[in-house]
Amino acid sequence: FAAVSYTQKPHPADDDKLNAESDRARRRVVSLIRSGDATGAEHLWHKHLAAQGKVLSESFRGSVIELFD
């Protein structure tokens, strides 16, 4: 078992901008699915999740502070 400590750092962009980008990505994915472009939808969603993961990983820096047996 590991205990983790983290501190939240400010996002590189404001939350309103991040929310708008996420909303556009979701709408675009739905549009691609409706048009039958499953490959395009999958590619876009993967790209979106990778970008959002980067924002989160830059905002939360954690470190292991204790390990238990």
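These exercises walk through a predicted model of one chain, each with a worked solution.

Residues are numbered from 1 along each chain as its sequence is written. Because this is a predicted model, local features need pLDDT of at least 70, side-chain atom pairs count only at pLDDT 80 or more, totals for chains, interfaces and linings use all residues, and side-chain values use heavy atoms, with hydrogens and water left out.

**Exercise 1. Find the helices and strands, and read their order along the sequence.**

Step 1: Know the terms. Helices (H or I, at least four residues) and strands (E, at least two) are DSSP runs, numbered from the N terminus.

Step 2: Count them. The chain has 2 helices and 2 strands.

Step 3: Follow the sequence. The pattern is β-α-α-β.

**Exercise 2. Work out where the predictor's confidence is lowest and where it is highest.**

Step 1: Take the score. pLDDT is the predictor's confidence in each residue, from 0 to 100.

Step 2: Start with the whole chain. The average pLDDT is 80, and 65% of the residues score at least 70.

Step 3: Go element by element. Strand β1 (residues 2-8) has the lowest confidence, with a mean of 57, while α1 has the highest, at 92.

**Exercise 3. Describe the chain's surface and its contacts as a whole.**

Step 1: Look at the surface. About 5600 Å² of the chain is exposed, and carbon and sulfur atoms supply 55% of that area. Such areas come from the Shrake-Rupley method with a 1.4 Å probe; for residues, only the protein chains shown count as cover.

Step 2: Look inside. Of the 69 residues in the chain, 17% are buried. Here buried means under 20% relative accessible area, exposed over 50%, and partly exposed in between (1.4 Å probe, protein chains only).

Step 3: Turn to contacts, meaning heavy atoms within 4.5 Å. Among contacts in the chain with a separation of 6 or more, 75% join residues 24 or more positions apart.

**Exercise 4. Trace the contacts of Ser22, His48, Gln52 and Trp45.**

Step 1: Begin in helix α1 (residues 15-34), where Ser22 lies. Ser22 counts as buried because its relative accessibility is 11%. Leaving out residues up to four places away in sequence, Ser22 touches His48 and Gln52.

Step 2: Move to His48 in helix α2. His48 is buried, with a relative accessible area of 11%. Beyond its neighbours within four places in sequence, His48 is in contact with Ser22 and Ala25. His48 and Glu21 are 27 residues apart along the chain, and 8.9 Å separates their C-alpha atoms.

Step 3: Continue to Gln52, also in helix α2. Gln52 has a relative accessible area of 19%, so Gln52 is buried. Setting aside neighbours within four places in sequence, Gln52 is in contact with Glu21 and Ser22. From Gln52 to Leu18 the C-alpha distance is 8.4 Å, with their positions 34 residues apart in sequence.

Step 4: Finish with Trp45 in helix α2. Trp45 counts as partly exposed because its relative accessibility is 31%. Its contacts, leaving aside neighbours within four places in sequence, are Ala25, Arg26 and Val29. The C-alpha atoms of Trp45 and Ala25 lie 7.3 Å apart, although 20 residues separate the two along the chain.

**Exercise 5. Identify which residues line the largest pocket, and which elements supply them.**

Step 1: List the lining. The residues are Leu18, Glu21, Arg24, Ala25, Arg28, Leu44, Lys47, His48, Ala51, Gln52 and Val55.

Step 2: Assign elements. Those giving two or more residues to this lining are α1 and α2 (38-59). The largest share, 6 residues, comes from α2.

Step 3: Recall the rule. On a 1 Å grid over the protein atoms alone, a pocket is an open set of points where a 1.4 Å probe fits, with protein on both sides within 12 Å along at least five of seven lines; lining residues have an atom within 4 Å of a point.
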